[in-house]
Amino acid sequence: MSPERENTRERERTPAGATATSRPRARLDQPRPPRRRLVPEWDPEAFGRLSERIARFLGTGRFIVWMTVVIIVWVLWNVFAPHDLRFDNYPFIFLTLMLSLQASYAAPLILLAQNRQDDRDRVNLEQDRKQNERSIADTEYLTREVAALRMGLGEVATRDWIRSELQDMLKELEERHNGQHGKVVFPADRSPGRDTDDR
């Protein structure tokens, strides 16, 4: 290989100029490594499933029974327990705070579950609409095919029609045979100059 050619190849490999920096090149055939983030990441689907589970539990009678039992025990404990063991005296401010906190978390979780259910309903409705369109198209196609078959059957000879035609022909032949009794049926036999071997 000539030295000039080696120099041009070397120049092609090493960039020169203002943009020539020694930064590593990213490989386009491989995915980028994940970046480190300061904010923690979570799976939105897993969070949505958890919110739906909580919303379903909040909508059951079991939750109402348990919440009622907890409130009754809370109130009875803070009214009848010794003063040293009470943690929330008569106005029950801490109980009010806990119920407000529970309600403030329950409302967004229920809304999130409803939004997910709306999305699922929208997808199901779209699939049902497409299925209905396919069913209507299939029904129209089958209707056209049945109409074409009926039109085609109108032109096809049926067994009764063929039987009636054969009976009419038989009657006609019998009438001819009875009307020409004793006469030659075939006119070729009567023609003069014609041999029987020619037939």
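## Ground rules

Helices here are DSSP runs (H or I, at least four residues), strands are DSSP runs too (E, at least two), and both are numbered from the N terminus. This is a predicted model, where local features need pLDDT of at least 70 and side-chain atom pairs count only at pLDDT 80 or more, while totals for chains, interfaces and linings use all residues. Residues are numbered from 1 along each chain as its sequence is written, and side-chain values use heavy atoms, with hydrogens and water left out.

## The overall picture

Let's start with the whole chain. It has five helices and zero strands, so the elements read α-α-α-α-α from the N terminus on. Of its 199 residues, 8% are buried (buried is under 20% relative accessible area, exposed is over 50%, partly exposed is in between, using a 1.4 Å probe and protein chains only).

The chain exposes about 18900 Å², and carbon and sulfur atoms supply 59% of that (accessible areas come from the Shrake-Rupley method with a 1.4 Å probe; for residues, only the protein chains shown count as cover). Among contacts (heavy atoms within 4.5 Å) with a separation of 6 or more, 50% are between residues 24 or more positions apart.

## Helix 2 and its two sides

Helix 2 covers residues 44–58, and its end C-alpha atoms sit 21 Å apart, in agreement with the 21 Å expected for 15 residues at 1.5 Å each (the expected span is 1.5 Å times one less than the number of residues). Its buried residues are Gly48, Ser51, Glu52, Ala55 and Leu58. They cover an arc of only 125 degrees around the axis, so they lie on the same side of helix 2 (the arc is that of the directions from the helix axis to the C-beta atoms). Arg53 and Arg56 are exposed on the other side.

What covers that buried side? Helix 3 (61–80) and helix 4 are among the elements that do. Gly48, in helix 2, counts as buried because its relative accessibility is 2%. Its C-alpha is 8.7 Å from that of Leu109, although the two are 61 residues apart in sequence. Glu52 is buried as well, at 8%, and beyond its neighbours within four places in sequence it is in contact with Ala113, Arg116, Gln117 and Arg120.

## Salt bridges

The whole structure holds eight salt bridges (a side-chain nitrogen of Lys or Arg within 4 Å of a carboxyl oxygen of Asp or Glu). One of them pairs Arg116 with Glu45 at 3.5 Å, N to O. This pair links distant parts of the chain, with Arg116 in helix 4, Glu45 in helix 2, and their positions 71 residues apart. Arg116 is buried at 15%, whereas Glu45 is partly exposed at 42%.

Helix 5 (residues 159–179) has Asp160 and Arg163, which are three residues apart and so separated by about one helical turn. Their side chains meet in a salt bridge at 3.9 Å, N to O. Arg176 and Glu172 also form one, at 3.5 Å, N to O. Elsewhere, salt bridges that share partners join Glu45, Glu52, Arg116 and Arg120 into one network.

## An unusual loop residue

Phe92 is in the loop between helix 3 and helix 4. Its phi is near 55 degrees, a positive value in a residue other than glycine. Most residues other than glycine have a negative phi. At 12% relative accessibility, Phe92 counts as buried.
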